[in-house]
Amino acid sequence: MDPQNTAPGPIATPLHAPMQRRNFLLYSGAAAAAMIFGQACKKDDDPVVMENAVNLGSGDTGVLNYAYALEQLEAAFYTQVMATPFSGMTALESEYLRDIRDHEIAHRDFFKAALGSNAIQNLEVNFSAINFSSRDSVLSTAKAFEDLGVSAYNGAGKLLTSADFLTLAGKIVSVEARHAALIRDLIANGSFANSEVIDANGLDKARTPAEVLAIAGAYVRTPLNANNLPTN
(Lines give C-alpha, C1' and ligand atoms only; values in the text may rest on other atoms or scores of the structure.)
Protein backbone atom coordinates (compact mmCIF):
# COMPACT_ATOMS: atom_id res chain seq x y z
CA MET A 1 0.00 0.00 0.00
CA ASP A 2 1.33 3.40 -0.97
CA PRO A 3 1.50 5.61 2.17
CA GLN A 4 1.22 8.64 -0.07
CA ASN A 5 -2.42 7.76 -0.68
CA THR A 6 -3.22 6.49 2.79
CA ALA A 7 -4.32 8.75 5.63
CA PRO A 8 -2.78 7.75 8.96
CA GLY A 9 -5.07 6.25 11.54
CA PRO A 10 -6.31 8.05 14.65
CA ILE A 11 -3.84 8.71 17.43
CA ALA A 12 -5.13 7.15 20.63
CA THR A 13 -4.75 8.82 24.00
CA PRO A 14 -2.22 7.06 26.25
CA LEU A 15 -4.53 6.82 29.23
CA HIS A 16 -8.09 5.59 29.66
CA ALA A 17 -9.15 8.86 31.24
CA PRO A 18 -11.06 12.00 30.22
CA MET A 19 -8.90 14.21 28.05
CA GLN A 20 -7.94 17.48 29.70
CA ARG A 21 -7.66 20.71 27.67
CA ARG A 22 -3.87 20.58 27.43
CA ASN A 23 -4.00 16.98 26.18
CA PHE A 24 -6.72 17.86 23.67
CA LEU A 25 -4.53 20.60 22.23
CA LEU A 26 -1.54 18.26 22.13
CA TYR A 27 -3.40 15.50 20.32
CA SER A 28 -5.34 17.70 17.94
CA GLY A 29 -2.07 19.30 16.82
CA ALA A 30 -0.42 15.91 16.46
CA ALA A 31 -3.31 14.57 14.41
CA ALA A 32 -3.09 17.46 11.96
CA ALA A 33 0.66 17.02 11.66
CA ALA A 34 0.26 13.29 11.12
CA MET A 35 -1.88 13.98 8.08
CA ILE A 36 0.87 16.19 6.62
CA PHE A 37 3.57 13.60 7.36
CA GLY A 38 1.54 10.69 6.05
CA GLN A 39 0.81 12.37 2.75
CA ALA A 40 4.42 13.43 2.21
CA CYS A 41 6.19 10.11 2.92
CA LYS A 42 7.46 8.57 -0.31
CA LYS A 43 7.36 4.86 -1.03
CA ASP A 44 10.98 4.88 -2.15
CA ASP A 45 11.93 6.05 1.35
CA ASP A 46 10.56 2.91 3.01
CA PRO A 47 12.93 1.70 5.75
CA VAL A 48 14.70 -1.53 4.77
CA VAL A 49 15.34 -4.14 7.42
CA MET A 50 18.99 -5.18 7.19
CA GLU A 51 20.31 -8.58 8.26
CA ASN A 52 21.12 -7.51 11.82
CA ALA A 53 19.87 -3.94 12.06
CA VAL A 54 16.81 -1.81 11.50
CA ASN A 55 17.40 0.68 8.71
CA LEU A 56 16.00 4.09 9.65
CA GLY A 57 15.64 4.99 5.99
CA SER A 58 16.69 8.04 4.00
CA GLY A 59 15.60 11.62 3.43
CA ASP A 60 12.96 13.17 5.64
CA THR A 61 11.47 9.74 6.37
CA GLY A 62 14.78 8.59 7.81
CA VAL A 63 15.02 11.68 10.01
CA LEU A 64 11.47 11.12 11.27
CA ASN A 65 12.26 7.47 12.05
CA TYR A 66 15.35 8.66 13.90
CA ALA A 67 13.13 10.89 16.06
CA TYR A 68 10.64 8.04 16.44
CA ALA A 69 13.37 5.75 17.78
CA LEU A 70 14.33 8.32 20.42
CA GLU A 71 10.71 8.89 21.41
CA GLN A 72 10.24 5.13 21.80
CA LEU A 73 13.17 5.09 24.21
CA GLU A 74 11.90 8.01 26.28
CA ALA A 75 8.33 6.72 26.39
CA ALA A 76 9.51 3.29 27.57
CA PHE A 77 11.68 4.87 30.25
CA TYR A 78 8.99 7.07 31.77
CA THR A 79 6.43 4.28 31.53
CA GLN A 80 8.73 2.15 33.68
CA VAL A 81 9.35 5.06 36.08
CA MET A 82 5.64 5.41 36.75
CA ALA A 83 5.03 1.65 36.90
CA THR A 84 7.70 1.28 39.62
CA PRO A 85 7.95 4.64 41.45
CA PHE A 86 11.26 5.29 43.16
CA SER A 87 11.44 5.28 46.93
CA GLY A 88 10.14 8.51 48.46
CA MET A 89 8.61 9.90 45.26
CA THR A 90 6.51 12.87 46.30
CA ALA A 91 3.03 13.61 44.99
CA LEU A 92 4.40 16.60 43.06
CA GLU A 93 7.23 14.56 41.53
CA SER A 94 4.70 11.90 40.54
CA GLU A 95 2.53 14.53 38.85
CA TYR A 96 5.48 15.98 36.94
CA LEU A 97 6.83 12.62 35.81
CA ARG A 98 3.36 11.43 34.81
CA ASP A 99 2.91 14.49 32.62
CA ILE A 100 6.29 13.90 30.98
CA ARG A 101 5.41 10.23 30.42
CA ASP A 102 2.17 11.22 28.71
CA HIS A 103 3.96 13.73 26.49
CA GLU A 104 6.55 11.16 25.44
CA ILE A 105 3.88 8.56 24.70
CA ALA A 106 2.04 11.15 22.61
CA HIS A 107 5.24 11.96 20.70
CA ARG A 108 5.93 8.27 20.11
CA ASP A 109 2.40 7.54 18.93
CA PHE A 110 2.42 10.65 16.75
CA PHE A 111 5.50 9.55 14.82
CA LYS A 112 4.19 5.99 14.47
CA ALA A 113 0.90 7.21 13.02
CA ALA A 114 2.55 9.88 10.89
CA LEU A 115 5.05 7.50 9.31
CA GLY A 116 2.47 4.80 8.70
CA SER A 117 3.97 1.85 6.82
CA ASN A 118 7.31 3.68 6.70
CA ALA A 119 7.66 3.46 10.49
CA ILE A 120 10.37 1.26 11.95
CA GLN A 121 9.41 -1.58 14.28
CA ASN A 122 8.95 -1.31 18.04
CA LEU A 123 12.41 -1.26 19.58
CA GLU A 124 13.59 -3.42 22.45
CA VAL A 125 15.10 -1.35 25.25
CA ASN A 126 17.76 -2.19 27.82
CA PHE A 127 17.38 -0.47 31.19
CA SER A 128 19.55 -2.88 33.17
CA ALA A 129 21.92 -0.06 34.20
CA ILE A 130 19.11 1.98 35.77
CA ASN A 131 18.01 1.52 39.38
CA PHE A 132 14.34 2.45 39.17
CA SER A 133 13.98 2.33 42.96
CA SER A 134 16.54 5.13 43.35
CA ARG A 135 15.56 8.78 42.89
CA ASP A 136 19.12 9.71 41.97
CA SER A 137 19.38 7.00 39.32
CA VAL A 138 16.00 7.80 37.78
CA LEU A 139 16.44 11.57 37.70
CA SER A 140 20.01 11.42 36.43
CA THR A 141 18.88 9.13 33.61
CA ALA A 142 15.90 11.38 32.87
CA LYS A 143 18.27 14.36 32.71
CA ALA A 144 20.56 12.50 30.31
CA PHE A 145 17.66 11.43 28.07
CA GLU A 146 16.06 14.88 27.95
CA ASP A 147 19.34 16.68 27.27
CA LEU A 148 20.12 14.09 24.59
CA GLY A 149 16.70 14.51 23.01
CA VAL A 150 17.00 18.29 22.82
CA SER A 151 20.46 18.11 21.26
CA ALA A 152 19.20 15.45 18.83
CA TYR A 153 16.36 17.60 17.51
CA ASN A 154 18.66 20.62 17.34
CA GLY A 155 21.14 18.65 15.26
CA ALA A 156 18.55 17.03 13.01
CA GLY A 157 16.62 20.16 12.09
CA LYS A 158 19.01 21.13 9.29
CA LEU A 159 18.65 17.65 7.77
CA LEU A 160 14.95 18.11 7.01
CA THR A 161 13.97 19.41 3.58
CA SER A 162 10.31 20.05 4.40
CA ALA A 163 9.51 23.35 6.10
CA ASP A 164 6.39 21.74 7.59
CA PHE A 165 8.46 18.98 9.16
CA LEU A 166 10.94 21.50 10.53
CA THR A 167 8.15 23.56 12.11
CA LEU A 168 6.65 20.50 13.78
CA ALA A 169 10.04 19.26 14.97
CA GLY A 170 10.55 22.69 16.54
CA LYS A 171 7.28 22.33 18.42
CA ILE A 172 8.36 18.96 19.79
CA VAL A 173 11.87 20.03 20.79
CA SER A 174 10.41 22.96 22.73
CA VAL A 175 8.44 20.47 24.82
CA GLU A 176 11.54 18.33 25.31
CA ALA A 177 13.43 21.42 26.49
CA ARG A 178 10.70 22.12 29.07
CA HIS A 179 11.11 18.55 30.30
CA ALA A 180 14.88 18.96 30.52
CA ALA A 181 14.58 22.19 32.51
CA LEU A 182 12.10 20.64 34.95
CA ILE A 183 14.17 17.51 35.54
CA ARG A 184 17.30 19.60 36.08
CA ASP A 185 15.53 21.73 38.68
CA LEU A 186 14.25 18.62 40.48
CA ILE A 187 17.89 17.56 40.83
CA ALA A 188 19.32 20.98 41.69
CA ASN A 189 17.18 24.08 41.81
CA GLY A 190 18.31 26.75 39.35
CA SER A 191 20.31 24.39 37.13
CA PHE A 192 17.76 24.39 34.31
CA ALA A 193 20.01 26.24 31.83
CA ASN A 194 23.58 25.81 32.97
CA SER A 195 26.74 25.58 30.90
CA GLU A 196 26.39 21.81 30.42
CA VAL A 197 23.70 22.45 27.81
CA ILE A 198 23.90 26.17 26.95
CA ASP A 199 26.96 27.52 25.12
CA ALA A 200 28.67 30.90 25.43
CA ASN A 201 26.27 32.36 22.85
CA GLY A 202 23.24 31.37 24.91
CA LEU A 203 22.34 28.59 22.48
CA ASP A 204 21.34 25.03 23.28
CA LYS A 205 23.82 22.40 22.12
CA ALA A 206 23.29 20.16 19.09
CA ARG A 207 24.43 16.62 18.27
CA THR A 208 24.56 14.69 15.00
CA PRO A 209 22.54 11.47 14.63
CA ALA A 210 25.77 9.46 14.85
CA GLU A 211 26.67 11.11 18.15
CA VAL A 212 23.16 10.67 19.55
CA LEU A 213 22.78 7.02 18.56
CA ALA A 214 26.20 6.19 20.00
CA ILE A 215 24.91 7.39 23.38
CA ALA A 216 21.36 6.03 23.09
CA GLY A 217 22.68 2.66 21.94
CA ALA A 218 23.52 1.74 25.51
CA TYR A 219 19.77 1.62 26.21
CA VAL A 220 18.47 0.10 22.96
CA ARG A 221 18.92 -3.62 22.30
CA THR A 222 17.63 -3.43 18.74
CA PRO A 223 20.54 -2.48 16.45
CA LEU A 224 19.87 0.52 14.22
CA ASN A 225 21.35 1.35 10.83
CA ALA A 226 21.54 5.12 10.31
CA ASN A 227 23.86 4.98 7.29
CA ASN A 228 21.27 6.32 4.90
CA LEU A 229 20.33 9.41 6.91
CA PRO A 230 21.18 12.74 5.30
CA THR A 231 24.29 14.45 6.62
CA ASN A 232 23.72 18.07 5.61
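Lys 143 is partly exposed, with a relative accessible area of 23%; that label covers the range between buried (under 20%) and exposed (over 50%), using a 1.4 Å probe and protein chains only. Its side chain meets that of Glu 196 in a salt bridge, 3.3 Å from N to O. Here a salt bridge is a side-chain nitrogen of Lys or Arg within 4 Å of a carboxyl oxygen of Asp or Glu. The pair links distant parts of the chain, with Lys 143 in helix α4 and Glu 196 in the loop between α5 and α6, 53 residues apart.

Before going further, a word on the model: it is predicted, local features need pLDDT of at least 70, side-chain atom pairs count only at pLDDT 80 or more, and totals for chains, interfaces and linings use all residues. Residues are numbered from 1 along each chain as its sequence is written, and side-chain values use heavy atoms, leaving out hydrogens and water.

**Salt bridges**

Back to Glu 196, which counts as partly exposed at 48% relative accessibility. Glu 196 also forms a salt bridge with Arg 184, at 2.9 Å from N to O. Arg 184 sits in helix α5, 12 residues away from Glu 196 in the sequence. Unlike a partly exposed residue, Arg 184 is buried, with a relative accessible area of 2%. Shared partners join Lys 143, Asp 147, Arg 184 and Glu 196 into one salt-bridge network.

The structure holds 7 salt bridges. Another one pairs Glu 93 with Arg 135, their closest N and O atoms being 2.8 Å apart. Glu 93 is in helix α3 and Arg 135 in helix α4, so this pair ties together parts 42 residues apart in sequence. Glu 93 counts as buried at 7% relative accessibility, while Arg 135 counts as partly exposed at 28%.

Here are three of the salt bridges side by side:

| Salt bridge | N to O distance |
|---|---|
| Glu 93 and Arg 135 | 2.8 Å |
| Lys 143 and Glu 196 | 3.3 Å |
| Arg 184 and Glu 196 | 2.9 Å |

What about Glu 74, which is buried yet has no salt bridge? The nearest side chain of opposite charge to Glu 74 is Arg 108, and it is 11 Å away (Lys and Arg count as positive, Asp and Glu as negative, with His and the chain ends not counted). Glu 74 lies in helix α2, residues 59-83. Leaving aside neighbours within four places in sequence, Glu 74 is in contact (heavy atoms within 4.5 Å) with Glu 104, Phe 145, Glu 146 and Glu 176.

**Core and rings**

The largest nonpolar core has 50 residues, and Tyr 66, Phe 77, Val 81, Leu 97, Phe 111 and Ile 183 touch the most other members. A core of this kind is a set of buried Ala, Val, Leu, Ile, Met, Phe, Trp, Tyr and Cys residues joined through side-chain atoms within 4.5 Å. Helices α2, α3 (91-115), α4 (135-156), α5 and α6 (209-216) each supply at least two residues of this core, and α2 gives the most, with 12 residues. In soluble globular proteins, nonpolar side chains tend to be buried together. Take Val 81: beyond its neighbours within four places in sequence, Val 81 is in contact with Met 89, Leu 97, Phe 132 and Val 138.

There are 7 aromatic pairs in the structure. Rings of Phe, Tyr and Trp (its six-membered ring) pair if their centres lie within 6.5 Å; planes under 30 degrees apart count as stacked, over 60 as edge-to-face and the rest as tilted. Phe 77 and Tyr 78 have ring centres 4.9 Å apart and planes at 70 degrees, so they are edge-to-face. Phe 77 also forms a tilted pair with Phe 132, at 5.8 Å centre to centre and 40 degrees between the planes. This one links helix α2, home of Phe 77, to the loop between α3 and α4, where Phe 132 sits 55 residues apart from it. Phe 77 and Phe 132 are both buried. Phe 77, Tyr 78, Phe 127, Phe 132, Phe 145 and Tyr 219 form one aromatic cluster.

**The chain as a whole**

The protein chain has 6 helices and 2 strands, taken as DSSP runs (H or I, at least four residues, for helices; E, at least two, for strands) and numbered from the N terminus. Buried residues make up 44% of its 232 residues. Of the contacts with a separation of 6 or more, 78% are between residues 24 or more positions apart.
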